[in-house]
Amino acid sequence: MMAAILKELCERYLDALNQGDLAAVMSLFTEDAVIKSPLYGEMPASTFYRDLFADTTRSVTTLKNVFTQSTQVPAVALHFSYQWTLKSGKQVAFECVDVFELSDSRDRFRQLTIIYDTAHLREDFYQSSARQ
């Protein structure tokens, strides 16, 4: 039962990411949620998604797997392919794993660690970034 709820939460996350819907994404996170990203660093979720959407023309994700864990720190991981169109128009594609730590109520995310290889896109990202 919990696995189905977590999968639905993750699908809502990817849908909001694909739509570039800041309000929908933020509704899935606690107010004090933190994001750890290989490109953006560590920051509050609200800052991360504001910056990500400012740097993005289009996002297309394809879910591959959902991994759940029910320990003292409940977590869920998403494995997906990500086709990212930067503001510059440059398109990059990569495999990604997002590891979410859940809130105590297990209905929202309180931390996200994003894992992917940035070597092939780092230069394009920095040239296109809104924070130059």
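How much space lies in the largest cavity? In this predicted model, the volume is about 140 Å³. The structure holds 1 cavity of 30 Å³ or more.

**The cavity and its lining**

The lining of the largest cavity comprises 14 residues, and those closest to its centre are F48, L52, Y82, I114 and Y116. By class, the lining is made up of 12 nonpolar residues, 1 polar residue and 1 charged residue. Two helices and two strands, listed below, each supply at least two residues of this lining.

| Element | Residues | Contribution to the lining of the largest cavity |
|---|---|---|
| Helix 1 | 2–19 | at least two residues |
| Helix 3 | 45–54 | at least two residues |
| Strand 4 | 75–86 | at least two residues |
| Strand 5 | 91–102 | at least two residues |

**The sheet**

Strand 4 and strand 5 also belong to an open sheet of 6 strands, arranged in the order 2-1-6-5-4-3 with mixed pairing. Strand 2 (41–44) and strand 3 (56–69) each have a single partner strand and stand at the edges, so one side of each is left without a neighbour in the sheet. On average, neighbouring strands of this sheet are turned by 20° against each other, direction ignored.

Strands of a sheet pair through backbone hydrogen bonds, in either a parallel or an antiparallel manner. At one edge of the sheet, strand 2 pairs with strand 1 (residues 29–37) in the antiparallel sense over 4 bridges. Within strand 2, P44 is the bridge partner of V34.

Methods
Residues are numbered from 1 along each chain as its sequence is written. This is a predicted model: local features need pLDDT of at least 70, side-chain atom pairs count only at pLDDT 80 or more; totals for chains, interfaces and linings use all residues. Side-chain values use heavy atoms; hydrogens and water are left out. On a 1 Å grid over the protein atoms alone, a cavity is a set of points where a 1.4 Å probe fits but cannot get out, and a pocket is an open set with protein on both sides within 12 Å along at least five of seven lines; lining residues have an atom within 4 Å of a point. Grid points are joined across faces, edges and corners, and a volume is the space filled by probe spheres set on the points. Ala, Val, Leu, Ile, Met, Phe, Trp, Tyr, Cys and Pro count as nonpolar, Asp, Glu, Lys and Arg as charged, and the others, Gly among them, as polar. Two strands pair if DSSP finds at least two bridges between them. Axes are lines fitted to C-alpha atoms, for helices over the stretch in contact, and angles run from 0 to 180 degrees between N-to-C directions.
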